[in-house]
Amino acid sequence: MVKHQPLQVYERQLCLSCITGIYGCRWKRYQRSHDDTTKWELLWSFILLFTFCLLLVWFYFWWEAHNDYNEFNWFLYNRSGQWSDGTVPILATTSAGFTYVAFLMVLALCHVALGQQLNLHWLHKIGVTAALLTTTVGVISVNQTWGQEWDVVPISLQATGPFLHIGALAAVTALSWIVAGQVARSEKTKFQVAVVLLYLGSLLGLYTVPLCITSPCIMDPGALKQRPDVIGHRGAPMLAPENTLWSFQRALQMNVTGLEADVSISVDGVPFLMRDHTLRRTTDVEAVFPDRRMEDASSFNWTDLQQLNAGRWFLKEDPFWMVRTLSPREKDLIANQSVCSLEQLLKLASYHNSTVVFRLRRPPPQHPCHHSWINDTLQAVQQSGVPQGLVMWTPDDHRAQVRQRAPGLIQTSAEKRGPQSLQQHGISRLLLRYNQASTQEIRNFSQSDINLTLYTINEPWLYSVLWCSGVSSVSSEASHILKKVPYPIWLMRPDEYCLMWVSMDLISFAVVIGIFIFQNYHMIRYRMSGMRSYNPEQIMLSAAVTRSSRDLNVMKEKLIFSEVGNGVGGADELYGDNGYDYYANQGIGL
């Protein structure tokens with residue numbers, strides 16, 4: 001009598017077909033395999049994981065760099081000569097690449113969870129390679145042109161670190177389901193031990209990460225200092241054209257305590273407000289003086305400068321995507337703005353009793369005021385009638401001479417120095433970029449009675465971190481946003497944070513233990529029952545009443561092809577002890 005091998009009737013598995021089909025274009029059952037993944041595909045799995053991690057860091061960097069998008073666009077303008085929002089294509093490609101690679105990572109994890117062989121399709125391999133190369137080129141480019149911006153990552157972690165830790169803990173805890181499943185399915189003890197040790201080591205490291213997290217916002221609320229003053233950086237450049245009178249008036253409407261501007265000197269010795277070296281970006285010089293559009297801004301006299309319009313470019317370029325929020329009256333005021341002189345700014349500040357800090361650019365060597373630039377600026381300050389106590393003087397050149405002629409000016413340094421050096425030179429204020437002072441340095445300056453102003457602060461999270469650090473004032477392009485921050489975004493006592501940390505670790509550990517016990521329940525029963533032979537599929541099959549029909553079919557398929565052909569017996573022998581009438585229930589004929 002011929003002994004026939006039983007055939008299996010399979011159920012439709014649409015979800016599994018979609019997972020394997022999208023990931024590796026294996027839509028049919030015969031295309032799928034439970035065999036171990038090949039070394040080549042394992043390599044591609046590691047490449048996919050590395051690309052995902054790189055894109056995750058890249059995406060986080062650009063998310064937190066939102067504070068400095070305008071600075072990045074200005075860097076691009078200085079290199080290309082054309083103003084454009086360079087962050088839009090970067091954000092679009094980064095979001096698309098991250099979403100695509102993250103989706104592939106989810107599919108790969110589903111393969112592992114279902115015991116399917118990883119086999120990434122060649123089109124996806126091309127896509128992953130393109131994402132990896134594009135991101136690598138982007139990282140290198142940013143590192144060369146905007147390297148100082150990487151400092152935003154550790155600074156932002158002071159605000160997001162505790163919450164990112166909770167998210168990472170939840171993700172790794174969820175991965176325990178896949179890890180426990182791998183341990184349950186594996187027949188190799190060494191592999192099981194290695195996987196468990198690797199996972200528990202990662203989990204333990206994540207449990208202790210809060211020991212390395214430091215944030216000024218983890219403090220006693222009673223020690224919180226008063227709200228830092230906000231200075232309008234070039235006025236309110238998100239609401240009006242930068243360095244114009246209307247921009248400064250809008251900033252004053254947002255309750256700023258001071259105004260900051262960039263100052264150049266005209267060929268006839270009049271200090272005026274201009275950030276760029278040329279007039280192309282913020283005026284209509286190409287229409288009024290087309291032959292002089294590439295000349296240095298300081299090569300124009302004040303009469304020529306007054307003929308230029310300094311507002312219409314803002315309505316046309318919309319650098320901050322805010323023009324649509326303006327009223328018709330505001331648009332009319334903007335369209336009629338002209339180049340502003342330093343004297344006009346000082347008179348406005350004097351009327352509102354606001355401090356003024358300006359950065360003075362020295363004219364080129366061939367300029368008539370190249371040697372008299374300090375005296376010309378100081379003369380404009382004195383002629384404006386502004387109280388000297390409202391003016392923060394930043395140029396280091398001839399500081400002693402300036403102090404003799406105008407002793408009431410607030411001596412301010414734009415160069416980082418130690419508190420003792422500043423006090424020796426009679427400097428009471430310091431103006432720095434926000435990444436140039438750590439939390440400890442901010443507190444040291446405060447203890448030495450040095451008023452520290454940090455620029456440019458546009459995001460509430462950054463303002464909150466600096467507030468908790470004890471900074472005196474900040475310079476901002478978004479005074480209308482910071483106006484809505486009456487208190488730090490979050491503030492937590494150290495004991496509250498410790499309680500939250502320990503509670504999350506305990507909950508995570510309990511969930512992981514529960515998942516491992518649930519996934520390996522049948523192997524534990526085997527260890528306790530003393531069965532003579534160990535077959536993971538047979539043990540799982542013996543408790544099939546708790547499994548879905550899909551899992552049962554997979555285990556039966558393994559038994560049919562691994563044991564029936566090796567002389568274990570027919571289907572009746574294989575399933576009889578478990579109380580299953582194989583042919584009756586599955587509709588299988590000989």
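**Figure 1. The lining of the largest cavity.** Glu242, Asn243, Thr244, Leu273, Met274, Arg275, Thr282, Ala310, Ser338, Val339 and Cys340 line the largest cavity of this predicted model. The space inside comes to about 70 Å³. Sort those lining residues by class and you get five nonpolar, four polar and two charged. How many cavities of 30 Å³ or more turn up? The count is two, and the other one gets its own panel next.

**Figure 2. The second largest cavity.** This cavity has a volume of about 30 Å³. Around the space sit Asn70, Trp83, Pro237, Ala240, Glu242, Arg281, Trp313, Pro319 and Phe320. By class, that lining splits into six nonpolar residues, one polar and two charged. Glu242 is worth picking out here: this residue is on the lining list of the second largest cavity and also on that of the largest cavity. Arg281, another of the residues lining the second largest cavity, comes back in the Tyr77 view.

**Figure 3. Asp262 and the residues around it.** Asp262 is part of strand S2, which covers residues 258-265. Is this residue buried or exposed? Asp262 has 10% relative accessibility, so it counts as buried; the cut-off for buried is under 20%. The side chain of Asp262 has a polar contact with the side chain of Arg234, at 2.4 Å. Leaving out residues up to four places away in sequence, Asp262 touches Arg234, Asn243, Phe272, Leu273, Met274, Arg275 and Arg359. Several of these names should ring a bell: Asn243, Leu273, Met274 and Arg275 are among the residues lining the largest cavity.

**Figure 4. Trp58, Phe61 and Trp62, part of an aromatic cluster.** Across the whole structure, a search finds 24 aromatic pairs. In one of them, the ring centres of Trp58 and Phe61 are 5.9 Å apart and the planes meet at 20°, so this pair is stacked. Planes under 30 degrees apart are what counts as stacked. Where do the two residues sit along the chain? Both belong to helix H2 (residues 39-64), and because they are three residues apart there, about one helical turn separates them. Trp58 is buried at 7% relative accessibility, and Phe61 is buried at 0%. Phe61 also pairs with Trp62, this time edge-to-face, with 5.4 Å from centre to centre and 80° between the planes. Trp62 has a relative accessible area of 0%, so this ring residue counts as buried too. Follow the ring pairs outward and you get a cluster made up of Trp58, Phe61, Trp62, Tyr69, Phe72, Trp146 and Trp150.

**Figure 5. Tyr77 and Arg281, brought together from distant parts of the chain.** Tyr77 belongs to helix H3, residues 69-80. With a relative accessible area of 7%, Tyr77 is buried. How many residues lie between Tyr77 and Arg281 in chain terms, and what separates their C-alpha atoms? The two are 204 residues apart along the chain, with 8.8 Å between the C-alpha atoms. A polar atom of the Tyr77 side chain lies 3.5 Å from the backbone nitrogen of Arg281. Setting aside residues up to four places away in sequence, Tyr77 touches Gln82, Trp83, Asp276, Thr278, Arg280 and Arg281. Two of these, Trp83 and Arg281, are also among the residues lining the second largest cavity.

**Figure 6. Backbone oddities in three loops.** Start with the peptide bond from Tyr455 to Thr456, which is cis, with omega near -20°. Thr456 is in the loop joining strand S8 (451-455) and helix H18 (460-469). Next up is Cys25, which has a positive phi of about 60° although it is not a glycine. Cys25 sits in the loop between helix H1 (14-24) and H2, and is partly exposed at 38% relative accessibility. His398 also has a positive phi, near 55°, and again is a residue other than glycine. The loop that holds His398 runs between strand S5 (391-393) and helix H15 (399-405). At 45% relative accessibility, His398 counts as partly exposed.

**Figure 7. The whole chain, for context.** Zoom out and the secondary structure comes to 25 helices and nine strands. Of the 590 residues in the chain, 50% are buried. Among contacts with a separation of 6 or more, 65% are between residues 24 or more positions apart.

Key: Residues are numbered from 1 along each chain as its sequence is written. Side-chain values use heavy atoms; hydrogens and water are left out. On a 1 Å grid over the protein atoms alone, a cavity is a set of points where a 1.4 Å probe fits but cannot get out, and a pocket is an open set with protein on both sides within 12 Å along at least five of seven lines; lining residues have an atom within 4 Å of a point. Grid points are joined across faces, edges and corners, and a volume is the space filled by probe spheres set on the points. Ala, Val, Leu, Ile, Met, Phe, Trp, Tyr, Cys and Pro count as nonpolar, Asp, Glu, Lys and Arg as charged, and the others, Gly among them, as polar. Helices (H or I, at least four residues) and strands (E, at least two) are DSSP runs, numbered from the N terminus. Buried means under 20% relative accessible area, exposed over 50%, partly exposed in between (1.4 Å probe, protein chains only). A polar contact is a pair of N or O atoms within 3.5 Å; within protein, one must be able to donate a hydrogen and the other to accept it, and residues adjacent in sequence count only if both atoms are side-chain atoms. Contact means heavy atoms within 4.5 Å. Rings of Phe, Tyr and Trp (its six-membered ring) pair if their centres lie within 6.5 Å; planes under 30 degrees apart count as stacked, over 60 as edge-to-face and the rest as tilted.
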